[in-house]
Amino acid sequence: MEINPALANGLGELKWVNLKTASLKNGSDKDAQISGSSSSQFATLLKDMSSQSVSSDSANSLTSLADASSASNLLWQQLSGTGESSFDNISGEIQDTKPSDYEELIQTASAKYGVPVDLIKAVIDTESSFNPNVVSSAGAKGLMQLMDGTANGLGVSDPFDPAQSIDGGVRYLSYQLKRFDGQEKMALAAYNAGPGRVLKLGVSNDQELMANLSQLPKETQAYISKIERARAEYAV
């Protein structure tokens, strides 16, 4: 499922706020997160993708919708401009949670969508540090940092609800894995930078992606590394 809004200050650190304690400014976000005006189209595409492998036509259609939101915005907004995410800048109430609090939800989503448990945990850790109430400066919300348009397309009515966030986020990640034939690094790059950015590289596997990684935003380069490090902690 481009990070201009994340460049919150000179160091590029992302500022987080809590909806319970602060108001958010409206703004664009994430290449592959769809705006409200196109959420109905996005929902139709998602429904089609969930029942079959992604065809080149549907992939291009979804990419077109994504790119239409803004060519300069990233899919996911959790990283700083220097390639280092920072949860030190989270303000407001922080809920004391840990991976085990969501074990059943993660296991269920893993079985439902065929995404490895350790990969799901690594994505949640990197996206929100397991804080279900976190909101990015661009408006991405919840454990898996869903934008409103994407959440609507996925049928997520409350992105702060851990069950909905995990199910929706893992479902979206599974679409990227299908799109890129199970190549995990390509799927993660698409989750972060948007599938359009990855498709434009013209690569067909993770090895080729890594050889051309410098062509992706620094935030995405760091994102893939962060996921790998986090995943190692959750590997069985």
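Which residues have the most contacts inside the largest nonpolar core? They are I106, V115, V123, I124, I166, V170 and L173, in a core of 31 residues. A nonpolar core here is a set of buried Ala, Val, Leu, Ile, Met, Phe, Trp, Tyr and Cys residues joined through side-chain atoms within 4.5 Å. Buried means under 20% relative accessible area, exposed over 50%, and partly exposed in between (1.4 Å probe, protein chains only).

A word on the source: this is a predicted model, in which local features need pLDDT of at least 70 and side-chain atom pairs count only at pLDDT 80 or more, while totals for chains, interfaces and linings use all residues. Residues are numbered from 1 along each chain as its sequence is written, and side-chain values use heavy atoms, with hydrogens and water left out.

**The core and its helices**

At least two residues of the 31-residue core come from each of α3, α4, α6, α7 (184–193) and α10 (218–234). Helices (H or I, at least four residues) and strands (E, at least two) are DSSP runs, numbered from the N terminus. Separate from this core is a second one of 11 residues, with M186, A189, A190 and V198 among them. Back in the larger core, V170 touches A109, Y113, V115, I120 and M144, leaving aside residues up to four places away in sequence. Contact means heavy atoms within 4.5 Å.

**Helix α3**

Let's look along α3 (residues 103–113), where I106, A109, S110 and Y113 are buried. Seen down the axis, these buried residues fall within an arc of 105 degrees, so they line one face of the helix; the arc is that of the directions from the helix axis to the C-beta atoms. E104, A111 and K112 are exposed on the other side. The cover over the buried residues includes α4 (117–128) and α6 (162–179). After α3 comes G114, with a positive phi near 75 degrees.

**An aromatic pair**

Y102 and F130 are both buried. Their ring centres are 6.4 Å apart and their planes at 10 degrees, so the pair is stacked (centres within 6.5 Å make a pair; planes under 30 degrees apart are stacked, over 60 edge-to-face, the rest tilted). Y102 sits in the loop between α2 (56–69) and α3, and F130 in the loop between α4 and β2 (134–136), 28 residues apart. Together with Y234, they form one aromatic cluster.

**Positive phi outside glycine**

Two loop residues go in the table.

| Residue | Phi | Relative accessible area |
|---|---|---|
| S129 | near 55 degrees | 36%, partly exposed |
| Q145 | near 50 degrees | 0%, buried |

S129 lies in the loop between α4 and β2, and Q145 in the loop between β2 and α5 (148–153).

Conventions
Rings of Phe, Tyr and Trp (its six-membered ring) pair if their centres lie within 6.5 Å; planes under 30 degrees apart count as stacked, over 60 as edge-to-face and the rest as tilted.
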